[in-house]
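Colleague: Hello! I am new to this structure; could you walk me through it with some questions and answers?

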Amino acid sequence: MEKLLLGIDIGTSACKVAVFNLQGKVLSQSTKEYRVYFPHSGFVEQNPNEWWESVCTAIKETIVSSKINASQIAGIGIDGQSWSAIPIDKKGDVLSNTPIWMDTRADDICRETINRVGFNRIFKLSGNSFEPTYSTPKILWFKKNMPDVYNSTYKFLQSNSFIAFKLTGQISQDLSQGYGIHSFNMKEGKWDDSFCDELGFDRDKLPEIYQCHDVIGEVTGVAAAQTGLVKGTPVVAGGLDASCGTLGAGVIKVGQTQEQGGQAGGMSICLDSAIAHQKLILSFHVVPGLWLLQGGTVGGGGTIKWFKQELGAFEEIEAKAKGLNPFKVMDEEAEKIPVGSEGLIFLPYMAGERSPLWDKNAKGVFFGLGYNKTRAHIIRAIMEGCTFALQHNLKTAEEIGVGIDKLVAMGGAANSRLWTQMKADITGKTINVPTSDTATTLGAAILAGVGTGLYKSFDQAVEDTIVITRTHEPDLQAHARYKNNYEIYLELYEKLKDTMQKV
């Protein structure tokens with residue numbers, strides 16, 4: 001029988017599960033949504049057990065719909081959203097919802113820790129700034145505000161390591177997710193025990209670190225019954241969603257750059273050394289010996305989804321009448337509007353903003369509204385604003401001498417030819433588009449393929465699976481026209497940031 005690979009993606013709004021053959025072709029896939037909780041201002045949580053329930057359902061559906069034999073699945077890889085802090089006890093029970101990457105409850109703890117330990121010392125070891133969205137402040141928040149949970153915690157897990165634990169019963173921490181915890185030595189890829197103490201949490205609450213393609217265990221009988229998988233199927237440690245997506249887009253060489261358009265936006269530049277910027281994010285790649293200099297923005301596909309949900313009744317009706325996806329209708333509307341949206345500019349800070357602003361109080365703004373502006377102007381301005389956020393991160397990387405040539409697009413937004421061309425025009429960079437929707441789950445599956453020996457190397461895996469489907473060259477005239485709006489975009493935040501703190 002043909003050997004297959006299973007990729008699992010723990011996203012912010014849903015999990016995705018896909019079965020691939022060794023050529024990277026999707027044989028079947030399923031998506032299952034779960035809830036995001038907002039119990040208090042600054043609190044953004046999810047229930048890891050709901051992730052697991054959705055994963056079980058999605059795996060079953062994927063296997064049934066593809067009519068494959070589950071015994072064909074030769075390996076399982078898992079990727080997940082960053083900066084979780086999932087407290088489990090020695091029995092493996094979840095003790096609390098996990099704050100997710102948008103959560104900013106630990107802002108005061110960040111200030112206290114920076115004052116006590118020193119920003120430069122933290123940054124020198126970890127290669128990352130000390131922000132409330134990372135895992136470390138969340139762990140410290142549990143210790144301060146929920147001491148019973150903290151004291152009962154055996155290990156704090158990340159999103160992918162939690163699903164790996166549910167599948168195998170084995171506790172792990174993959175290398176690429178280590179960056180969320182600031183006692184992680186970014187150059188050496190290991191925990192600094194003494195710095196755990198200095199930051200204020202117990203080293204023994206952190207799992208041991210594995211390479212992302214390491215087989216950490218096998219599917220247990222209990223997990224097999226819950227998912228429809230075969231007991232004994234190998235499971236690898238997996239990795240950060242952005243890093244797996246970078247691999248699944250074929251970015252494994254120094255200087256190659258992935259840009260993502262999922263729920264959130266961002267970019268990942270492939271490096272062969274740990275080059276850090278205080279306003280960006282640095283992590284290990286899931287590919288050994290490489291790092292990723294990343295920019296992560298709140299504005300991405302989630303902004304367009306918000307528009308569709310709250311203001312897109314017309315597009316929903318049009319889509320139904322035309323037999324189209326509502327997002328395709330939105331593309332058609334936005335395409336009729338000139339470059340620059342005739343002066344309408346959108347700041348896509350819908351839940352504060354991550355890099356390079358790191359401002360939890362940043363607010364979404366439409367600037368330039370008038371009676372001459374239409375729904376189509378708003379849609380296009382949203383796309384342009386999210387792309388300005390991407391450009392802001394790319395320009396920030398240039399400040400430390402990290403430049404890029406071409407971009408590789410991934411995520412649902414890459415399905416939009418208009419939006420992808422817009423990104424080429426605004427950045428002035430050529431953009432290649434591989435199989436966009438499946439890059440992240442494909443990256444997770446490739447890790448399983450390498451870990452189980454089905455691929456001899458990452459180079460072979462990429463060569464066998466990644467196909468560029470289209471290329472977007474920048475329109476330099478459009479690039480010149482966008483520069484004015486981009487400068488206003490930057491200026492608006494600088495002039496409004498103090499006011500934003502008051503709302």
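**A helix across a sheet**

Modeller: Gladly. Helix α9 (residues 241-248) lies across β16 (257-261), β17 (265-271), β18, β19 and β22 (406-410), and its direction makes about 120 degrees with β16. Please keep in mind that this is a predicted model.

Colleague: Which helix packs on the sheet, touching β16, β17, β19 and β22?

Modeller: This helix covers residues 375-398. Its direction makes about 25 degrees with that of β17. The helix you are looking for is α13.

Colleague: In what order do the seven strands of the open sheet run?

Modeller: The pairing in this sheet is mixed. The edge strands, each pairing on one side only, are β18 (281-284) and β24 (470-472). Neighbouring strands are turned by 25 degrees against each other on average, direction ignored. From one edge strand to the other, the order is β18-β19-β17-β16-β22-β23-β24.

Colleague: Which residue in β19 stands opposite Phe 284?

Modeller: Strands of a sheet pair through backbone hydrogen bonds, either parallel or antiparallel. Here β18 and strand β19 (residues 291-297) run antiparallel, and four bridges join them. Opposite Phe 284 stands Trp 291.

**Helices that cross**

Colleague: Are α9 and α15 roughly parallel or roughly perpendicular to each other?

Modeller: The axes of α9 and helix α15 (residues 439-451) come within 7 Å and cross at roughly 85 degrees. Angles of 65 to 115 degrees count as roughly perpendicular. The two helices, α9 and α15, are therefore roughly perpendicular.

Colleague: How many residues of the contact of α9 with α15 are nonpolar?

Modeller: On the α9 side, the contact is made by Asp 241, Cys 244, Gly 245, Leu 247 and Gly 248. The α15 side includes Ala 439, Leu 442, Ile 446 and Leu 447. By class, the contact of α9 with α15 has four polar residues and one charged, and the number of nonpolar residues is seven.

Colleague: At roughly what angle do the axes of α11 and α12 cross?

Modeller: Helix α11 (residues 313-322) and helix α12 (residues 326-335) have axes that come within 8 Å. Their crossing makes α11 roughly perpendicular to α12. The angle is roughly 110 degrees.

Colleague: How many residues of the contact of α11 with α12 are charged?

Modeller: From α11, the residues that meet α12 include Phe 314, Glu 315, Glu 316 and Lys 322. From α12, they include Pro 326, Val 329, Glu 332 and Glu 333. The contact of α11 with α12 has five nonpolar residues and no polar ones, while the charged residues number six.

**Pocket and cavity**

Colleague: Which element gives the most to the lining of the second largest pocket?

Modeller: This pocket has a volume of about 780 Å³. Of the 29 residues that line the second largest pocket, Phe 38, Met 102, Gln 263, Met 350 and Ala 351 are the closest to its centre. The elements that give two or more residues to this lining are α2 (107-117) and α10 (301-311). With six residues, the one that gives the most is α10.

Colleague: How many residues lining the largest cavity are polar?

Modeller: The largest cavity has a volume of about 70 Å³. Its lining comprises 14 residues, and nearest its centre lie Gln 260, Gly 265, Gly 299, Cys 386 and Lys 423. The elements that give two or more residues to this lining are β16, β17, α13 and α14 (417-427). The lining of the largest cavity has three nonpolar and two charged residues, and its polar residues number nine.

**Backbone details**

Colleague: Is the peptide bond from Ser 355 to Pro 356 cis or trans?

Modeller: Pro 356 is found in the loop between β20 (345-347) and β21 (365-367). The peptide bond that leads to Pro 356 from Ser 355 has omega near -5 degrees, and it is cis.

Colleague: Which residue has a positive phi of about 60 degrees although it is not a glycine?

Modeller: Look in the loop between α1 (48-66) and β5 (73-80). The residue with this positive phi is Lys 67.

Conventions:
Residues numbered from 1 in each chain as written. Predicted model: local features only at pLDDT ≥ 70, side-chain atom pairs only at ≥ 80, totals over all residues. Heavy atoms only, no water. Axes fitted to C-alpha atoms, helices over the stretch in contact; angles between N-to-C directions. Parallel < 35°, antiparallel > 145°, perpendicular 65-115°, else oblique. Contact = heavy atoms within 4.5 Å. Nonpolar A, V, L, I, M, F, W, Y, C, P; charged D, E, K, R; others polar. Pairing = 2+ DSSP bridges. 1 Å grid on protein atoms, 1.4 Å probe; cavity = no way out; pocket = protein on both sides within 12 Å on 5 of 7 lines; lining within 4 Å. Points joined across faces, edges and corners; volume = space filled by probe spheres on them.
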